[in-house]
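Hi everyone, thanks for making time. I'd like to walk you through one structure today, so please have the viewer open.

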Amino acid sequence: MFKSVYNWIDERLDITPLWRDVADHEVPEHVNPAHHFSAFVYCFGGLTFFITVIQILSGMFLTMYYVPDILNAYASVDYLNHKVAFGGIVRGMHHFGASLVIVMMFLHTLRVFFTGSYKAPREMNWVVGMLIFFIMLGLGFTGYLLPWDNKAYFATKVGVQIAESVPYIGPYIGQFLYGGDIVGAQTLTRFFAIHVFFLPGALLAMLAAHFLMIRKQGISGPL
Amino acid sequence: MAHGHKSDEKVVFVGDSRVKKNNHPNIPPDYTSFPGKSEAFIPNFLLKEWMVGCVVLVGFLVWTIAEPAPLGYPADPTNAAFIPMPDWYFLFLYQFLKYPYVSQDYIVLGTMGVPGVMFGGLLLAPFLDTGKERRFYRRPIASSLMILSLIATVYLTVISWDHYQHQLEITNTIPEHHIREEKAREAAAKGEEAPSTTKKPETAAVAIVEADDPAHKLMEQSKCLTCHAADMKGNPPQIPALRGIGDVLSKEEIVATVTNGNGNMPAFKDSLSAEQIDQIATWLSKQKAAAE
Ligand code: HEM
């Protein structure tokens with residue numbers, strides 16, 4: 001049944017080569033933990049992706065309740081966390097997932113570094129990876145403000161003040177992040193937009209580039 | 001490409017579309033002839049990955065159920081006593097910027113110089129470390145630089161966290177999300193609704209009685225007002241207002257609180273004399289809403 005539906009679609013759109021190109025490839029022995037346990041270090045990239053997917057899904061559910069304005073932001077998070085059925089789990093997944101994704105990304109970066117996998121011909125993929133790294137830090141910074149509690153407020157204030165101390169362009173960065181002169185209503189809506197639209201958009205584009213390059217070049221060979 | 005077709009074949013399209021009609025059976029390629037024990041990603045390896053993924057997911061779910069995500073009290077820009085704290089993965093930078101030569105006059109070094117070199121170096125690593133050798137123990141410079149940076153990062157993070165814990169201790173602060181959780185638990189034990197965190201008790205209506213009393217000045221000098229706020233409205237619910245305190249506490253109770261402290265309220269028996277405390281308590285006990 002499933003097979004005939006697939007064939008019906010495949011006949012009309014020729015989808016087999018599309019996904020075969022991306023997904024059908026070999027998993028060599030030296031990266032397969034079933035053969036060499038130490039190869040588990042090669043799983044961190046996949047785990048990062050897995051947690052990233054969790055972040056995106058839980059984030060989508062959070063926006064069903066979250067209200068990005070300074071009067072309601074805190075109350076909406078409070079309501080979601082304590083009153084909505086399973087709301088605490090969704091927020092918990094997004095909150096702790098944010099830490100977990102950083103840890104996994106960090107371990108993945110170390111794996112790539114210490115196995116020398118960033119070397120020719122994979123330089124571009126490393127640079128793309130670093131850009132992903134910065135995007136992730138940006139997501140962490142902007143997401144931290146959204147619950148609009150004291151911790152969020154004052155951490156953001158200090159963060160932007162640090163950015164403002166950069167010579168020449170600092171004040172402009174401050175203006176851009178604050179949307180004014182203080183952490184206020186504008187800052188919250190801005191951070192929300194950056195956190196929910198701009199950075200995830202950039203992240204997805206970078207991930208696509210990352211995976212295309214891995215697919216094209218294959219995983220680096222055994223040491 | 002997983003599908004190939006012989007070039008001398010006449011191309012047949014599906015209907016009037018530009019999709020080529022193909023009769024290739026959809027059989028996954030076989031990787032067994034590759035060197036080593038290669039395995040097909042789909043479906044063999046992917047299935048195992050999903051199983052691991054499920055275990056990770058269940059572990060993660062259990063974690064989020066056991067440990068609720070923290071939430072403090074609503075942001076209050078006038079709260080001067082709050083100790084700012086970024087998320088843990090920024091702590092190393094936060095701590096780094098506290099050192100001399102990378103802060104104040106030298107802040108450019110701290111915000112741009114050192115992080116610029118470090119992250120720039122990381123970003124451009126493939127172009128700086130261009131040798132063919134991949135094993136880390138044969139790349140002493142790259143590896144030792146990375147290990148040193150790792151140690152430094154961990155060290156800075158730990159120091160920053162310790163510093164924060166110490167600050168909490170000397171200011172007698174309990175992080176807000178802990179207070180809040182504790183209050184909710186107490187309320188639940190009594191079978192009540194958790195106290196509302198979005199509405200602050202209304203204190204604005206109560207005026208300060210005899211604001212020109214010298215005790216007012218003395219309280220400012222004794223740092224009472226850094227916590228209880230210059231306008232004595234406090235920062236409820238953690239720090240009570242002192243306006244209208246005379247309605248709540250007697251003079252003796254106030255003397256006892258100030259002398260010996262209470263919870264997050266520090267004891268002042270060492271820093272203020274008994275007369276000073278008496279003077280403050282006398283004035284505070286006059287703070288009644290009804291007076292005027
Ligand atoms: C959201 C973040 C990221 C995801 C989901 C991700 C995912 C992946 C995956 C699945 C692989 C295949 C090999 C493996 O799993 O180890 C990979 C390889 C690679 N990653 Fe990432 N990655 C991320 C971030 C980064 C970062 C921050 C860097 C470093 C700057 C990086 C650099 C690389 C390089 C150079 C490869 C090729 C390694 C090789 O061929 O051995 N990635 N990535």
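I'll start with chain A as a whole, then go to the cores, one helix, some backbone details and finally chain B.

One thing up front: this is a predicted model. Chain A has 9 helices and 1 strand. Reading from the N terminus, the order is α-α-β-α-α-α-α-α-α-α, so you meet two helices, then the strand, then helices again. If you like boxes, the C-alpha atoms of chain A fill one of roughly 55 × 50 × 35 Å along the principal axes. Of its 223 residues, 49% count as buried. Now look at contacts between residues of chain A at least 6 apart in sequence: 66% of them join residues at least 24 apart.

Let's go inside. The largest nonpolar core has 36 residues, and those with the most contacts within it are Phe113(A), Tyr118(A), Trp126(A), Ile132(A), Met136(A) and Leu203(A). Which helices each supply at least two residues of this core? From chain A they are H3 (44-62), H5 (87-114), H6 (123-145) and H9 (185-217), and chain B joins in with its own H5 (140-170). The top contributor is H5(A), with 11 residues.

Do click on Tyr118(A). Setting aside residues up to four places away in sequence, Tyr118(A) touches Glu123(A) and Trp126(A) in chain A, among others, and its partners in chain B include Ala125(B), Pro126(B), Asp129(B), Arg139(B) and Ala142(B). There is also a second, separate core of 19 residues, which includes Trp148(A), Tyr178(A), Val183(A) and Phe82(B).

Back to H5(A), since it deserves a closer look. Of its 28 residues, 20 are buried, so this helix is largely enclosed by the rest of the structure. How far apart should its ends be, at 1.5 Å a residue? The expected span is 40 Å, and the end C-alpha atoms are 40 Å apart, so the two agree. Even so, H5(A) has a kink of about 30°, centred on Gly97(A). After the helix comes Gly116(A), with a positive phi near 60°.

Now for the backbone details. Most residues other than glycine have a negative phi, and most peptide bonds are trans. Here are some exceptions. Asp14(A) has a positive phi, near 55°, and lies in the loop between H1 (2-13) and H2 (16-23) of chain A. Is Asp14(A) buried or exposed? Its relative accessible area is 16%, and the cut-off for buried is under 20%, so Asp14(A) counts as buried. Trp148(A), which we met in the second core, also has a positive phi near 55°. You'll find Trp148(A) in the loop between H6 and H7 (150-164) of chain A, buried at 7% relative accessibility.

As for cis peptides, one joins Ala120(A) and Pro121(A), with omega about 5°; Pro121(A) sits in the loop between H5 and H6 of chain A. Another joins Ile42(B) and Pro43(B), with omega about 0°. Pro43(B) is placed in helix H1 (residues 41-66) of chain B.

That brings us to chain B, which is divided into domain 1 (35-65), domain 2 (88-173) and domain 3 (214-291). The centres of domains 2 and 3 are 44 Å apart, taken over C-alpha atoms. An unreviewed UniProt entry annotates residues 31-159 of chain B as "domain: Cytochrome b/b6 C-terminal region profile". That span is 57% helix and 2% strand, with its end C-alpha atoms 51 Å apart.

That's my tour; thanks for listening!

Notes. Residues are numbered from 1 along each chain as its sequence is written. Chains are lettered from A and ligands numbered from 1 in the order in which they are written. This is a predicted model: local features need pLDDT of at least 70, side-chain atom pairs count only at pLDDT 80 or more; totals for chains, interfaces and linings use all residues. Side-chain values use heavy atoms; hydrogens and water are left out. Domain bounds come from an automatic or database domain assignment. A nonpolar core is a set of buried Ala, Val, Leu, Ile, Met, Phe, Trp, Tyr and Cys residues joined through side-chain atoms within 4.5 Å. Buried means under 20% relative accessible area, exposed over 50%, partly exposed in between (1.4 Å probe, protein chains only). Helices (H or I, at least four residues) and strands (E, at least two) are DSSP runs, numbered from the N terminus. Contact means heavy atoms within 4.5 Å. The expected span of a helix is 1.5 Å times one less than its number of residues. The bend at a residue is the angle between axes fitted to the seven residues ending there and the seven starting there. UniProt positions are given in the numbering used here, feature names are shortened, and annotations may be inferred rather than shown by experiment.
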